[in-house]
Amino acid sequence: MYRTNTCGELNKSFIGQEVVLSGWVHKHRKMGNLIFIDLRDRYGLTQVVFSPDQVKDFSIVESLKYEYVIRIKGKVEKRKEENFNKNISTGEIEVIAEEITILSKAKTLPFEIFDAHKEEEDEELRLKHRYLELRREKLKNNILFRAKMIRHIRDFMDKRGFVDIATPVLTVSSPEGARDFLVPSRIHPGKFYALPQAPQQYKQLLMVAGFDRYYQIAVCMRDEDPRADRSPGEFYQLDVETSFLEPEEFFQEMEPLFIELTEKIANKKVWQKPFPRIPFKQVFEDYGSDRPDLRFDLKMIEVSTWAKKTDFKVFVEAEFIRALFVPGGEVFTRKEIDEEFTDKAKRIGAKGLAWIKFENNTFEGGVTKFFTSEQLAELKNLLAIDKNGIIFFSADNWRVSCLALGAVRDLAGEKLNLKDPNLIAWAWIVDFPMYEFNERENKIDFGHNPFSMPQGGMEALQTKNPLDILAYQYDIIGNGLELSSGAVRNMNPEIMYKAFEIAGYDKQVVDNKFGHMIKAFEFGAPPHCGFAPGIERLMMVLLGEKNIRSVIPFPKNQKAEEPMMGSPSEVEQKQLAELKIKILE
């Protein structure tokens with residue numbers, strides 16, 4: 001027997017009992033003739049005491065090194081009260097060892113695992129030995145949290161009558177989305193499967209089939225570039241679709257899941273119940289983002305009318321002028337403003353960042369000199385300023401004026417510690433535009449999801465300016481991250497043809513690409529809607545993690561490589577020949 005108990009289980013109720021434990025040598029220290037070992041497994045730590053009077057071959061104990069895997073047998077005893085360790089669950093007891101067996105030796109480690117001052121080694125080295133890094137407490141707990149969260153999600157969905165249905169992993173290429181990962185067919189030379197970017201079309205076809213409440217924890221594979229909040233290659237999502245529900249009914253159906261995950265699994269607080277529903281245009285103009293962090297209520301205000309009455313040329317010539325008053329921001333130095341805040345705005349596309357400080361009832365610094373005292377007094381009233389702070393301005397077109405100041409807002413919230421780590425601000429963003437103008441191609445294009453139902457249906461498509469048409473599309477966001485997009489699906493073939501026609505796709509193109517969907521909808525399709533929150537992003541919000549690799553057991557690096565396994569890799573010529581593939585230099 002390797003163990004009767006785990007290393008996190010024993011307490012004073014076990015005193016006097018004989019136990020067998022197995023685990024890793026976490027710490028090793030000698031005091032006189034005694035050797036103390038902290039034995040570790042995924043459940044916790046237990047202190048084991050070795051005495052030459054108790055252990056037959058004490059040389060084995062003396063040979064132990066960091067991360068050896070051992071089995072011990074001994075008796076549980078109470079520690080002296082002055083030696084209690086209140087930081088661990090087993091801190092009131094210790095095991096007096098009688099037997100020891102080395103199960104596995106460990107070479108010198110490529111990096112320290114548990115030294116708190118050495119957790120930022122070269123990432124490539126850590127990913128190459130990810131199995132060692134997974135022994136670290138924080139990362140281990142993240143992975144255990146993931147399992148607990150997914151178990152709760154499954155229980156929630158099952159109890160509400162959702163059916164877990166697996167959809168194909170080998171499917172057809174869909175080039176209008178992100179890049180596909182292609183899989184060559186040996187049986188059909190020259191033809192390719194694609195790994196699914198999402199089960200979108202399958203889940204809609206399940207609605208046509210009559211499975212009105214579907215879900216799965218689906219793996220999605222997209223050939224995308226890495227980002228801090230996006231894993232290259234693959235990710236998982238809670239894929240959900242329902243029939244015969246209006247958007248508001250769907251929100252009410254799914255909100256309790258996010259509340260439970262927040263309060264019961266993450267032990268954090270929900271900012272607002274029910275979650276706010278904020279139109280896309282409003283959230284953009286108020287917060288400068290379609291996924292703002294709502295834990296702090298700094299809102300932008302459009303001040304174009306006021307600004308254009310001034311003599312400040314930058315404002316007079318701009319299409320939109322917005323202002324953001326940040327209470328407490330008077331502490332920001334000129335260096336911070338120039339090198340951090342202005343840089344944030346410029347990265348969005350702004351030409352610069354104007355600012356004025358308000359301190360002790362006086363405006364000073366920045367662009368103050370361009371305005372009269374009367375204009376500054378009017379500005380104070382517009383922004384309802386009643387305390388010290390700083391005003392940031394953006395002056396540009398609608399989109400850039402919003403986004404630039406939104407980036408400044410987020411940085412201000414970070415610097416002033418306005419983001420409560422124990423609070424999660426969930427919200428639904430609704431009423432996305434159906435179309436947007438593609439400046440690069442000089443044409444009308446879909447703004448979000450081409451399969452969404454336009455608000456107003458066929459009449460809106462036939463009578464409205466396409467850029468004024470809203471879609472039944474929505475996002476769920478939390479603490480500055482977008483968790484998922486969702487929509488009421490367009491299940492009317494005639495409306496679908498018209499929607500694609502406005503975006504420049506004729507009927508033949510639609511039939512060639514989506515003919516199977518069109519045909520299915522001709523045989524009785526129910527109204528349906530859904531969404532697909534990303535599992536990794538959901539974990540990032542619940543745990544407050546900033547990098548997606550900290551919530552994935554075996555992530556890829558910034559080059560979309562997995563150093564541990566060596567993927568992607570070359571393959572043998574024989575394999576290529578079977579697939580009728582030739583590598584060109």
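How far is the sulfur of Cys-529 from the closest cysteine sulfur, and in which residue does that sulfur lie? In this predicted model, the closest cysteine sulfur belongs to Cys-220 and is 18 Å away, which is too far for a bond. A disulfide would need the two sulfur atoms to lie within 2.5 Å, and a search of the whole structure finds zero disulfides. Cys-529 itself is buried, with a relative accessible area of 0%, and Cys-402 likewise counts as buried, at 0% relative accessibility.

With the cysteines placed, the overall layout can be considered. According to the domain assignment of the protein, domain 1 covers residues 12–104, domain 2 is made of the segments 139–167, 201–274 and 427–551, and domain 3 covers 296–418. Between domain 2 and domain 3, the distance from one C-alpha centre to the other is 35 Å.

The strands come next. Five strands close into a barrel, and following them around gives the order S1-S2-S3-S5-S4, with mixed pairing. On average, and with direction ignored, neighbouring strands of this sheet are turned by 55 degrees against each other. In general, the strands of a sheet pair through backbone hydrogen bonds, and they may do so either parallel or antiparallel. Strand S1, which spans residues 18–31, and strand S4, which spans residues 69–78, run antiparallel and are joined by seven bridges. A reader who wishes to locate this pairing can look for Gly-23, which stands opposite Ile-70 in S4.

Another place to pause is Val-283, a residue of helix H7, which runs over residues 280–287. What is the relative accessible area of Val-283, and is the residue buried or exposed? The value is 0%, so Val-283 counts as buried. When residues up to four places away in sequence are not counted, Val-283 touches Ile-278, Gly-288, Ser-289, Asp-290, Pro-292 and Ile-429. Of these contacts, the one with Ile-429 links positions that are 146 residues apart in sequence, although their C-alpha atoms are 7.7 Å apart in space.

The charged side chains complete the tour. Side chains of opposite charge can pair when their charged atoms come close, and the structure holds 39 salt bridges. One of them joins Arg-347 to Asp-343, with the closest N and O atoms 2.8 Å apart. Both residues belong to helix H10, residues 334–348, where they are four residues apart, or about one turn of the helix. Arg-347 is exposed, with a relative accessible area of 67%, whereas Asp-343 is partly exposed, at 31%.

A second salt bridge connects Lys-419 with Asp-410, and here the closest N and O atoms are 3.0 Å apart. Lys-419 has a relative accessible area of 19% and is therefore buried, since the cut-off for that class is under 20%, while Asp-410 is partly exposed, at 32%.

In helix H14, which spans residues 493–502, Glu-501 and Lys-498 are three residues apart, again about one turn of the helix. Their side chains meet in a salt bridge of 3.3 Å from N to O. Glu-501 counts as partly exposed at 48% relative accessibility, and Lys-498 also counts as partly exposed, at 22%. Elsewhere, salt bridges that share partners join Arg-126, Arg-130, Glu-133 and Arg-136 into one network.

Methods. Residues numbered from 1 in each chain as written. Predicted model: local features only at pLDDT ≥ 70, side-chain atom pairs only at ≥ 80, totals over all residues. Heavy atoms only, no water. Salt bridge = Lys/Arg side-chain N within 4 Å of Asp/Glu carboxyl O. Helix = DSSP H or I, 4+ residues; strand = E, 2+ residues; numbered from the N terminus. Buried < 20%, exposed > 50% of the residue type's maximum accessible area, 1.4 Å probe, protein only. Domains from an automatic or database assignment. Pairing = 2+ DSSP bridges. Axes fitted to C-alpha atoms, helices over the stretch in contact; angles between N-to-C directions. Contact = heavy atoms within 4.5 Å.
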